[in-house]
Amino acid sequence: MSKSLSEMTLEELWALFPIILCEHKNCWYDWYEEEKREITTILYDIDLKINHIGSTAIKSIMAKPIIDILVEIPKYVFMTDIKEKLENNGYTCMSETENRKSFNKGYTDKGFAEKVFHLHLRYFGDNDELYFRDYMNSYPIFAHEYEILKCSLWKKYEHNRDAYTEAKSSFVLKYTKCAKMEYGKRY
């Protein structure tokens with residue numbers, strides 16, 4: 001009898017859901033737009049800002065085929081209320097702190113579904129990913145450097161998502177800082 005996802009160790013989950021990079025696909029934007037409409041319907045009574053983030057939102061670079069979505073909410077809204085609504089509509093809460101929650105959708109006991117989403121729930125203004133995304137899209141040379149870095153880390157950390165993310169963090173922080181200097185308080 002196989003284990004359910006909730007019963008698996010982190011190592012078992014990483015083996016079932018390895019890091020996979022593929023060429024940029026135009027359908028990713030459409031998948032984001034479809035899921036944005038779904039989220040807007042689920043959270044219809046809340047003032048939201050929803051944005052496509054992550055590498056699938058950076059034009060023309062290789063990416064994990066997982067659509068990252070940033071959902072920002074007002075500080076007066078309880079994240080626990082949002083959590084319940086999302087979980088009742090196919091999302092699984094994977095990590096949470098007082099001011100941040102992360103959800104997945106499209107993970108099955110047989111591996112990835114066709115469409116996979118990571119939803120990042122935050123309060124308004126906790127949105128550095130928007131600066132990084134816009135900077136990478138504005139400066140293709142830096143986006144290409146990012147792609148090279150990701151590819152160099154891919155096989156090394158194929159079964160360790162945390163280490164993969166950590167190995168990219170100094171690059172992301174550097175260019176997020178550049179973006180904030182150039183864009184000011186855009187968001």
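This passage describes the fold of the protein and then turns to its strand pairings and three individual residues.

The model considered here is a predicted one. Its secondary structure amounts to 6 helices and 5 strands. Followed along the sequence, these elements come in the order α-α-β-β-α-β-β-β-α-α-α. The radius of gyration is 17 Å, close to the 16 Å that the globule rule gives for 187 residues, so the protein is as compact as a globular protein of that length. Along the principal axes, the C-alpha atoms occupy a box of roughly 45 × 40 × 30 Å.

A few whole-protein values help to fill in this picture. Buried residues make up 45% of the 187 in the protein. The exposed surface comes to about 10,500 Å², and carbon and sulfur atoms contribute 53% of that area. Contacts also reach across the sequence: taking those between residues at least 6 apart, 65% link residues at least 24 apart. As for charge, the protein carries 27 positive and 30 negative charges, and the mean positions of the two sets are 4 Å apart.

Strands S3, S4 and S5 can be followed as a series of antiparallel pairings. Strand S3, residues 92-96, pairs with strand S4, residues 100-108, over 4 bridges. In this pairing, Thr 92 sits opposite Asn 104 of S4, and a hairpin of 3 residues leads from S3 to S4. Strand S4 in turn pairs with strand S5, residues 111-123, over 8 bridges. Here Phe 103 faces Leu 119 of S5, and the hairpin that connects S4 to S5 has 2 residues. For readers tracing side chains on the structure, it is handy to recall that in a regular strand they alternate between the two faces of the sheet.

Asn 51 offers a view of another strand, since its place is in S1, residues 49-53. With a relative accessible area of 19%, and with buried meaning under 20%, Asn 51 counts as buried. Beyond its neighbours within four places in sequence, Asn 51 makes contact with Tyr 32, Asp 68, Ile 69, Leu 70, Glu 72, Leu 130 and Arg 133.

Pro 74 lies in a loop, the one between strand S2 (67-73) and helix H3 (79-87). Despite this loop position, Pro 74 is buried, at a relative accessible area of 4%. Residues up to four places away in sequence aside, Pro 74 touches Ile 46, Asp 47, Tyr 123 and Phe 124. One of these partners, Tyr 123, is 49 residues from Pro 74 in sequence, yet the two C-alpha atoms are 5.7 Å apart in space. Tyr 123 is also the residue at which strand S5 ends, which ties the Pro 74 loop to the end of that strand through contact.

Cys 178, finally, belongs to helix H6, which covers residues 161-183. Its relative accessibility is 26%, so Cys 178 counts as partly exposed. Along the chain, Cys 178 and Tyr 135 are 43 residues apart, while their C-alpha atoms are separated by 8.0 Å. Taken together, the three residues sample a strand for Asn 51, a loop for Pro 74 and a helix for Cys 178.

Methods: Residues are numbered from 1 along each chain as its sequence is written. This is a predicted model: local features need pLDDT of at least 70, side-chain atom pairs count only at pLDDT 80 or more; totals for chains, interfaces and linings use all residues. Side-chain values use heavy atoms; hydrogens and water are left out. The radius of gyration is taken over C-alpha atoms; the globule rule is 2.2 Å times the number of residues to the power 0.38. Buried means under 20% relative accessible area, exposed over 50%, partly exposed in between (1.4 Å probe, protein chains only). Contact means heavy atoms within 4.5 Å. Accessible areas come from the Shrake-Rupley method with a 1.4 Å probe; for residues, only the protein chains shown count as cover. Lys and Arg count as positive and Asp and Glu as negative; His and the chain ends are not counted. The place of a charge is taken as NZ of Lys, CZ of Arg, CG of Asp or CD of Glu. Two strands pair if DSSP finds at least two bridges between them.
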